[in-house]
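Visitor: I am new to reading protein structures, and I would like to go through one slowly with someone who can explain each step. Could we look at it together?

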Amino acid sequence: MSIRVSSMSVLPPVRRDRIIAHLPQPFRQEAALHITNDFNNKVKTACQEQRTGTVGFKISKVIVVGDLAVGKTCLINRFCKDAFDKNYKATIGVDFEMERFEVLGVPFSLQLWDTAGQERFKCIASTYYRGAQVVVIVFDLNDIASLGHSRQWLEDALKENDPTSVQLFLVGTKKDLSSPAQYSQIEQDALRLAKEIHAEYWAVSSLTGENVREFFFRLASLAFETNVLAELEKSGSRQIGDVVRINSTSSNLYASSKKKQPNCCQ
Ligand SMILES: Nc1nc2c(ncn2[C@@H]2O[C@H](COP(=O)(O)OP(=O)(O)OP(=O)(O)O)[C@@H](O)[C@H]2O)c(=O)[nH]1
Ligand SMILES: [Mg+2]
């Protein structure tokens with residue numbers, strides 16, 4: 001029995017609108033993690049041959065950080081639940097969402113950790129930073145101070161992670177509230193910072209939904225690509241016969257997916 005079939009018996013199939021077949025493009029070419037038109041060839045070939053590494057069940061951990069009330073929870077809720085709440089309810093400590101995709105025919109999940117921006121919850125929230133493959137720093141496009149604080153959020157997030165392997169996104173929210181003139185002013189500063197910290201820049205509105213889906217699809221695609229490349233690198237040193245293919249047994253699937261979990265999530 002193939003793993004895809006066996007995982008379906010545990011989980012419902014991936015939603016049709018979570019299927020990614022082509023690499024989504026960045027929001028701004030000048031502040032992008034990379035600007036290739038398509039997925040890495042090695043990744044595409046591995047997916048076609050169902051040779052994406054030792055785990056068929058791939059997960060990346062994403063932490064979402066930034067000042068209080070910049071719109072972290074709304075951003076996640078717009079994407080995961082297609083909902084928007086105009087009333088502010090502070091996140092206490094941390095919230096968690098799991099979002100499932102299928103990228104190049106391979107099941108892939110994002111663990112989204114929505115952390116609290118309020119100072120008094122920061123020490124609880126920061127205990128969840130460890131083991132992140134992706135860090136999303138959120139700021140409010142109408143509040144220049146929140147952009148300025150992004151460096152501190154980054155520093156805190158990187159204390160718990162390997163800075164060389166983390167993918168960074170800098171996301172400006174509440175685009176609906178800024179005039180074109182105000183927007184282009186803050187965008188210049190945001191682009192400068194994004195380039196400096198090697199982050200990919202996005203501007204979104206959770207109220208209207210502008211760019212929200214595009215952003216998460218891009219994030220999922222880049223996280224998937226990095227995840228598969230790392231697996232291929234690891235499995236490169238093994239014999240071909242040692243590689244557990246996607247169509248291996250379901251017991252292997254869960255044994256290996258468990259091993260991949262960061263300590264803080266157990
Ligand atoms: N107009 C507009 N308002 C937004 C948008 N995103 C968030 N808001 C509002 O901003 C406020 C704060 O949003 P949250 O998502 O709760 O902020 P947060 O960053 O999660 O805050 P903490 O959990 O305290 O860190 C709420 O009143 C939202 O309705 C947006 O895109 N446009
Ligand atoms: Mg929140």
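Visitor: In which loop is A69 found?

Guide: Please keep in mind that this is a predicted model, and that everything I say describes that model. A69 has a positive phi of about 65 degrees although A69 is not a glycine, and A69 is partly exposed, with 18 other C-beta atoms within 10 Å. As for its place in the chain, A69 is found in the loop between β2 and α3.

Visitor: Which residues of helix α3 are buried?

Guide: Seven of the 10 residues of α3 are buried, so the helix is largely enclosed by the rest of the structure. These buried residues pack against β2, β3 (94-103), β4 (106-115), β5, β6 and α8 (212-236), and just after the helix comes D82, whose phi is positive, near 50 degrees. The buried residues of α3 are K72, T73, C74, L75, I76, R78 and F79.

Visitor: Which helix gives the most residues to the shell around ligand 1?

Guide: Ligand 1 is surrounded by 23 residues, and the closest are G71, T73, C74, T91 and G117. Sorted by class, this shell holds nine nonpolar, nine polar and five charged residues. With three residues, the helix that gives the most to the shell is α3 (residues 72-81).

Visitor: Which strands stand at the edges of the sheet?

Guide: In general, the strands of a sheet pair through backbone hydrogen bonds, either parallel or antiparallel. Here seven strands form an open sheet with mixed pairing, in the order β1-β3-β4-β2-β5-β6-β7. Each edge strand has a single partner strand, so one side of it is left without a neighbour in the sheet, and these edge strands are β1 (19-20) and β7 (199-203).

Visitor: What is the bridge partner of I63 in β5?

Guide: Strand β2 (residues 58-65) and strand β5 (residues 134-140) pair in the parallel sense, and four bridges connect them. Looking along β5 for the residue that is bridged to I63, we come to V135.

Visitor: A157 is in helix α6; is A157 buried or exposed?

Guide: To decide this we count C-beta atoms around the residue, and 20 or more others within 10 Å make it buried. A157 has contacts beyond its neighbours within four places in sequence, namely with I63, V65, Y129, A132 and V135, and although A157 and V64 are 93 residues apart in sequence, their C-alpha atoms are 9.6 Å apart in space. Since 23 other C-beta atoms lie within 10 Å of A157, the residue is buried.

Visitor: Which residue of β7 stands opposite F169?

Guide: Strand β6 (residues 167-173) and β7 run parallel and are joined by five bridges. In β7, A199, Y201 and A203 point one way while E200 and W202 point the other way, and all of them are buried. The β7 residue opposite F169 is E200.

Visitor: How far apart are the end C-alpha atoms of α7?

Guide: Helix α7 (residues 180-197) makes a right-handed β-α-β unit together with β6 and β7, and α7 is followed by H198, whose phi is positive, near 60 degrees. At 1.5 Å a residue, the 18 residues of α7 should span 26 Å, and the model agrees with this expectation, because the end C-alpha atoms are apart by 25 Å.

Visitor: What covers the buried residues of α7?

Guide: In α7, the buried residues include A190, L193 and A194. Among the elements that cover the buried residues of this helix are α5 (144-148), α6 (150-159), β6 and β7.

Visitor: What percentage of the residues in the chain is buried?

Guide: The chain has nine helices and seven strands. Of its contacts with a separation of 6 or more, 78% are between residues 24 or more positions apart. Of the 266 residues in the chain, the buried ones make up 39%.

Methods. Residues numbered from 1 in each chain as written. Chains lettered and ligands numbered in written order. Predicted model: local features only at pLDDT ≥ 70, side-chain atom pairs only at ≥ 80, totals over all residues. Near = placed C-beta within 6 Å. Helix = DSSP H or I, 4+ residues; strand = E, 2+ residues; numbered from the N terminus. Nonpolar A, V, L, I, M, F, W, Y, C, P; charged D, E, K, R; others polar. Pairing = 2+ DSSP bridges. Buried ≥ 20, exposed ≤ 12 C-beta atoms within 10 Å, placed from the backbone. Right-handed = clockwise from strand over helix to strand, strands pointing away. Expected span 1.5 Å × (residues − 1). Contact = placed C-beta atoms within 7 Å.
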